[in-house]
Amino acid sequence: MSRVAVLKGGHSLERQVSLRSGARVEDALGRLGHEVVAIDVGLDLVARLEEAEADVAFIVLHGPGGEDGTVQELLEILDVPYTGSGVLACSRCIDKVLTKHLLIAAEIPTPEFFAFNETAFRELGAADALPAIEERLRFPIVVKPAAQGSALGIKFARAAEDVPAALVAAFSYDTKVLLERHVLGRDLAISVLDGPDGPEALPIVEAIPRNEDFYDFEARYEYGRTAFTCPAELPASVTERVQEVALDTYRLLGCSGFARVDVMLEEATDEPLVLEANAIPGLTETSLLPQAADAAGIGLEALVDRIVELAFERASARASADARRQPPLPPAKSSGDTLSRKSLNFSTTSSWSSTSCSNSIADSAITSSAAKIGALVRTASARASDGRESISTSFPSRRSVMDA
Amino acid sequence: MRDLMAVTARPEVISLAGGLPDTSTFPPDTFAAVATRIAEESCAKALQYGPTEGLAETKACIAQVMAAEGMEVDPEDMIVTTGGQQVIDLVTKTLIDPGDVVVAEAPTYPGAVPVFSSYQADVVQIDVDEEGMRVDLLEQTLERLDRDGRRPKFIYTVPTFQNPAGVTMSLERRDALVELAHRRELLLLEDNPYGLLRYEGVADPPLRALEGGVYAMYLGTFSKILSPGIRLGWVVAPPPVLEKINLGKQAADLCTSTLSQLMVQAYFDEGDWRDYVGSLTEIYRARRDTMLDALAEFFPAEAEWTRPAGGLFIWVTLPDFIDTTDLLARALRDNVAFVPGEAAYLDGRGRNSMRLNFSGSDEDAIREGVRRIGKVVNEQVALYGTLTGRPSRAARAHAPAASTADSAPADLAAADPPKQPGGRVVPLPRRSPPEERAGGS
């Protein structure tokens, strides 16, 4: 039995889903005999966390702020073990553009796409490139913000005249958007759960729109407009291939604990194409991860129990790795760098959309030499944890970091 | 969208979204006097159940309110309800079987949409213009329904200071609607929460006054003239309908809060209830003018909005390439909220419109909120211009939306006419000149 802080709500547009997931997790944790401290995250998060003296934080936040590594970074600084993926994996998953670049580099199939930020249009005349893009991708084209969790801001452009309005909509959510080839096929979600023998893909959930219009994306998220079947009715070989692709994606992005990978099984080719990975999938009564777990014979309580257990395991694995390494004090220069980076991060956490600098550095290293992707991911995460380690060594009192 | 609306409740958000009256100026000593009076005179009664149809003393107060708008009513024809919202629910529950047709306005009160949907009504929406519901279109629609052998169970309308469009039905249309109801023997549900909150002009009679109560059902509420917190509304309806509503009311909650009903009675005994309505009217008029001025200052020339003579709302229509649900997501990052237009439709229209409320925020907040929304709208208009290679319209909008490209070269406009806006269904008056708009303040 432990003291578990459930982090939920927050300022994200997916606040409602998060609160519903959080309530379910709290109930499950209570039934498992844990002591639950529910925290609706806001400006007082650090104070609440310190007051809570929790053994572990269960993060059920969705979208920017909670799912992008920001809260995770904060928990690293406070030295509180937490559920799910770490900072680096979260910042990879939240950014669909980054995810897709990594997938391509690792030769995991993903629909063809082009990504732009607002500056490209405002200052570089990227609009002139739209006809070429449209010719490459063919209509309909899916336009989406890089960093929004749910279906918000995702539009279908059926013809060239739809594209500008679709871009305007997508830019409402993020400064970076992507135009993606629309894949006609079956809409699959593969939840991955870590276990004693490494990550395992749970039974596949298929989303089947109730109406005929397969362009109607919003339907998927509206109650009653989409039917979900689990396990999806697929030939065994296809199931295996789809699950394999999901596991490859999970490992590539460096996820831990659990995640959900969304895949389109293209009708014409029978090829699974990865759309995105969600570092913190929903846990509501209609969410896909609980459905998949249930189909694998893992009820909500067992799922929550496993997720908490994994958080402890990850924390202790890292602690023992740290102990083994017996690190000397880091060189003065790099420790100084780390300091400024951390303080910078910290001062900007009030703006939830800020992305951690550390991760962009690591990620650019990855993308620049994409060939040895696996090795580089490992290097990058080692580097990231080194950074953290040097923090705790250079700052014996965490308080001082907080106050800075 | 509902998930988005949940985020608007954050304290740092300037919300122009709700329909909240300002309760901050209600005199606390009046509240105390009311409470004391109840404690001294009717403590046991206030704590007890009451009759389903409501207390006679409360009905007498309601009769006063209705008389103030030119209606005479028999207390026997009235049921006191838990807010006006319950009336919509009870009437729909009483009259609608799944698949039955309800006629509503387009746009309609967003709070009625989930009620109609939950009873599986087939809602047919009739466009509204600056004179309220288009009764000519209603007639055509009814003829079309006739041919399919269908007929609406009732027609739902907010004729005065309509929610969400802010427009008021003209007397001509009121007469036409009443005549139509009689000729076709159709029930009307007149929703009149704001009729007494008039900031200019002279009131036309409510439908109920014109019609006499044969086919017109009437919904009233204390929410906007006293307090929404006391949850007190009422319905006046023809006896056969009223009996059914009474049964539905028993099933729903047995009776309306006795305490709230006695508060109204005590409040009416304390002083003249019209004084507080008068003070609210002064406050809201200034806020409306502030909002209209801010819209003129901060919104782009491509935007249009209504100029309500009363009530709580202004309806803004943006260029059709802006989706106001997405715009809300963006605006929330700047801590400002509104109701996206699609909430007022059941058929996906209204995507480029928004409802703004001016009663629930003070003048500084209204101005700042409109400024923030305007900034985001301007950004999106500019971005769209960049994406299409068409500059945004600099001149004031004189013509309907079909001339969006009127500042672009003529050949371009001719070669590539903008598509018809799917969401614009309120061809409301264009911006009035600033001097006119500032009038009254």
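# Briefing: helix packing and contacts between chains A and B

Helix 8 of chain A passes helix 13 of chain B in a right-handed crossing (the near helix is turned clockwise from the far one by less than a right angle; anticlockwise would be left-handed). The structure is a predicted model, in which local features need pLDDT of at least 70, side-chain atom pairs count only at pLDDT 80 or more, and totals for chains, interfaces and linings use all residues. Residues are numbered from 1 along each chain as its sequence is written, while chains are lettered from A and ligands numbered from 1 in the order in which they are written.

**Helix 8 of chain A with helix 13 of chain B**

- Helix 8 of chain A covers residues 163-170, and its axis lies 9 Å from that of helix 13 of chain B, at an angle of about 140 degrees (axes are lines fitted to C-alpha atoms, for helices over the stretch in contact, and angles run from 0 to 180 degrees between N-to-C directions).
- From helix 8 of chain A, Pro164(A), Leu167(A) and Val168(A) meet Gln380(B), Leu383(B), Tyr384(B), Leu387(B) and Thr388(B) of helix 13 of chain B (a contact requires C-beta atoms, placed from the backbone, to lie within 7 Å).
- This helix contact comprises six nonpolar, two polar and no charged residues (Ala, Val, Leu, Ile, Met, Phe, Trp, Tyr, Cys and Pro count as nonpolar, Asp, Glu, Lys and Arg as charged, and the others, Gly among them, as polar).

**The contact between the chains**

- Chain B and chain A contribute 20 residues each to their contact.
- On the side of chain B that touches chain A, two or more residues come from each of helix 1 (2-7), helix 12 (324-333) and helix 13 (363-388) of chain B (helices are DSSP runs of H or I, at least four residues, and strands of E, at least two, numbered from the N terminus).
- Helix 13 of chain B gives the most to this side, with six residues.
- By class, this side of chain B has ten nonpolar, four polar and six charged residues.

**Lys375(B)**

- Lys375(B) belongs to helix 13 of chain B.
- Lys375(B) counts as partly exposed because 15 C-beta neighbours lie inside 10 Å (20 or more other C-beta atoms, placed from the backbone, within 10 Å make a residue buried, 12 or fewer exposed, and a number in between partly exposed).
- Its C-alpha atom is 7.6 Å from that of Phe299(B), although the two residues are 76 residues apart along the chain.

**Domains of chain B**

- Chain B has domain 1 (2-19 + 276-438) and domain 2 (28-270), with bounds from an automatic or database domain assignment.
- Their contact takes 31 residues from domain 1 and 26 residues from domain 2 of chain B.
- Helix 11 (273-298) and strand 11 (313-317) of chain B each supply at least two residues of the domain 1 side, and helix 11 of chain B provides the largest share, six residues.
- The domain 1 side holds 19 nonpolar, seven polar and five charged residues.

**Helix 3 with helix 10 in chain B**

- Helix 3 (residues 56-68) and helix 10 (residues 258-270) of chain B pack with axes 8 Å apart at an angle of about 55 degrees.
- Helix 3 of chain B is therefore oblique to helix 10 of chain B (under 35 degrees counts as roughly parallel, over 145 as roughly antiparallel, 65 to 115 as roughly perpendicular and the rest as oblique).
- Their crossing is left-handed.

**Chain A as a whole**

- Chain A contains 15 helices and 13 strands.
- Of its 404 residues, 46% count as buried.

Key
Contact = placed C-beta atoms within 7 Å.
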